[in-house]
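Student: I'd like to go through this one term by term. Tell me what stands behind each label as we reach it.

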Amino acid sequence: MINKVVAGADEALHDIGNNVTLMLGGFGLCGIPENCIAALLKKGITGLTCISNNAGVDDFGIGLLLKTRQVKKMISSYVGENAEFERQLLSGELEVELIPQGTLAERIRAGGAGIPAFFTPAGVGTEIAQGKEVRTFEGKTYLLEHWLRADFSIVKAWKGDTTGNLVYKGTARNFNPMMAAAGKITIAEVEELVPAGTLDPNQIHTPGIYVQRIFEGKGYEKRIEQRTLASTKV
Amino acid sequence: MLDKTGIAKRIAREVKDGMYINLGIGIPTLVANYIPSHLNVVLQSENGLLGIGPFPTENEVDPDLINAGKQTITMMAGSALFSSAESFAMIRGGHVYLTILGAMEVSELGDIANWKVPGKMVKGMGGAMDLVASAKHIIVAMQHCSKEGASKLLKSCTLPITGVRCVKRIVSDMAVLDVLPEGGFKLLERAPGVSTEQIKNATAGRLVIDGEIAEMQF
């Protein structure tokens, strides 16, 4: 049995340097690797290309790394809710590539699954189709989109075991499983790390083969962006 | 004229038993409040859930359970959770029958613009381009005119488009209209207190009026 357990985020990120491409799991602030983001902030590496559906908020998530100017480029589908992001985008300090969310998810899935490109209808006839190969299948037009892979993928799961098997909770799964497969080195931080054999093999979401390093994270804040209650007036 | 709630209530009447539906952010999210309780429908959230339930009570709030608008939610009995890739596979594969979303402009050919205003903040398209490219039926919730009174139902969109020839039906604050396959907005219903003449004046694209147009029923 291969033991993949490391002590924490610092050890998991020990060999990460400037100018790498990172995938960071999460949708909004849901299912983001809080411990590793804090460690990246502390480590101070720069020139990062971050592939993540969103860019966090001003004072949490990837927003923290934007504030310290550690991010050179964001590849995302939606980057609202972040004033510092907007400022850097408009001033040209930050490169941004916006990708339809389903295309982003599938490009990452393709990266992990060894499929270099695929056709999708999303974005046909729009400005994101510029420069892309177009082909018609059974009367409908599709765009050729390429895989995405990363030097490091950093994902967050609910439970994990010492062999790297992962289980997610609720909608915190989102981009984490595809990213886990698309990283040259995948680091998983989990809320609860258990011995191999504890998790039911029938219920594993990410098989351990995709995960190189795993640790139990500490002090999850799990900040909520839009606390909406049954009693909230909308 | 309808307010946001009125538009949501009218769109809720388009919902039929057994539908799988994706609701966009804003007015479309409100539609869920007015779907008759005797209908069995399943709401899809593109961040990985089939079976969105009501907003939670204080005790039910779970930061690991949100909708695509990042609002806290609950799950219905019989829900399923999955990854974003699986979510868009079911969208792209045509399994989510109905998409309801907002628009800044719609053209008479059914093109939709709702993701970008050049020169202003660009937030990104999120899942909108995938949804409009693949849903079998697309209903748009929108204001008929801008605050300055300019029509948003146009011959062709002036803003960067999200998808081509995809909108089937529009519910605006003034009217219900279908986009005809050959192009043009076919007027189906008037909002309470709005005349056919007012709708004509507020529609820049080709408007097709066939006989007497009834007022909306709720």
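Student: What is the bridge partner of A:Leu48 in strand 3 of chain A?

Tutor: A:Val71. Bear in mind that this is a predicted model, where local features need pLDDT (the predictor's confidence in each residue, from 0 to 100) of at least 70, side-chain atom pairs count only at pLDDT 80 or more, and totals for chains, interfaces and linings use all residues, while side-chain values use heavy atoms, with hydrogens and water left out. Residues are numbered from 1 along each chain as its sequence is written, chains are lettered from A and ligands numbered from 1 in the order in which they are written.

Student: What makes strand 2 and strand 3 of chain A a pair?

Tutor: Strands and helices here are DSSP runs, numbered from the N terminus (E, at least two residues for a strand; H or I, at least four for a helix). Two strands pair if DSSP finds at least two bridges between them. Strand 2 (residues 48–51) and strand 3 (residues 71–76) of chain A share 4 bridges and run parallel, so by that rule they pair. Another of the facing residues is A:Thr49, opposite A:Lys73.

Student: Which way do the other neighbours in chain A run, parallel or antiparallel?

Tutor: Strand 3 and strand 4 (residues 95–98) are parallel, with 4 bridges, and A:Ser76 faces A:Leu98 there. Strand 1 (residues 21–24) pairs with strand 2 in the parallel sense too, over 3 bridges, with A:Met23 opposite A:Ile51. Between strand 1 and strand 2 the chain passes through helix 2 (residues 34–43), in a right-handed β-α-β crossover.

Student: Why is a crossover called right-handed?

Tutor: Point the strands away from you: the path from the first strand over the helix to the second has to run clockwise. Strand 3, helix 4 (residues 83–90) and strand 4 of chain A make another right-handed β-α-β unit.

Student: How do you know that both faces of strand 2 of chain A are covered?

Tutor: A:Leu48 and A:Cys50 on one side are buried, and so are A:Thr49 and A:Ile51 on the other. Buried means under 20% relative accessible area, exposed over 50%, partly exposed in between (1.4 Å probe, protein chains only).

Student: Chain B, then. What makes strand 7 and strand 9 edge strands in the sheet of order 7-6-9?

Tutor: That open sheet of 3 strands has mixed pairing. Strand 7 (112–113) and strand 9 (153–154) of chain B each have a single partner strand, so one side of each is left without a neighbour in the sheet. Strand 6 (residues 105–107) and strand 7 run antiparallel, joined by 2 bridges, and B:Val106 partners B:Ile112.

Student: Why does A:Arg107 with A:Glu97 count as a salt bridge?

Tutor: The rule wants a side-chain nitrogen of Lys or Arg within 4 Å of a carboxyl oxygen of Asp or Glu. Here the closest N and O atoms are 3.8 Å apart, so the pair passes. It links helix 5 (residues 101–113) to strand 4 of chain A, 10 residues apart. A:Arg107 counts as buried because its relative accessibility is 10%, whereas A:Glu97, at 28%, is partly exposed.

Student: What makes B:Asp64 and A:Lys222 a link between chains?

Tutor: B:Asp64 sits in the loop between strand 3 (49–52) and strand 4 (75–81) of chain B, and A:Lys222 in the segment after strand 11 (213–216) of chain A, so the pair joins two chains. Their closest N and O atoms are 2.5 Å apart. B:Asp64 is buried at 3%, and so is A:Lys222 at 19%. Both belong to a salt-bridge network that also includes A:Lys156, A:Lys169, A:Glu191 and B:Asp62.

Student: Why is B:Arg169 called buried?

Tutor: Its relative accessibility is 19%, so it counts as buried. B:Arg169 lies in strand 10 (residues 169–172) of chain B, and its side chain makes a polar contact with that of B:Asp178 at 2.6 Å. A polar contact is a pair of N or O atoms within 3.5 Å; within protein, one must be able to donate a hydrogen and the other to accept it, and residues adjacent in sequence count only if both atoms are side-chain atoms.

Student: How confident is the predictor in chain B?

Tutor: The mean pLDDT of chain B is 96, and 100% of its residues reach 70 or more. For the complex, the predictor gives an ipTM of 0.97 and a pTM of 0.97.
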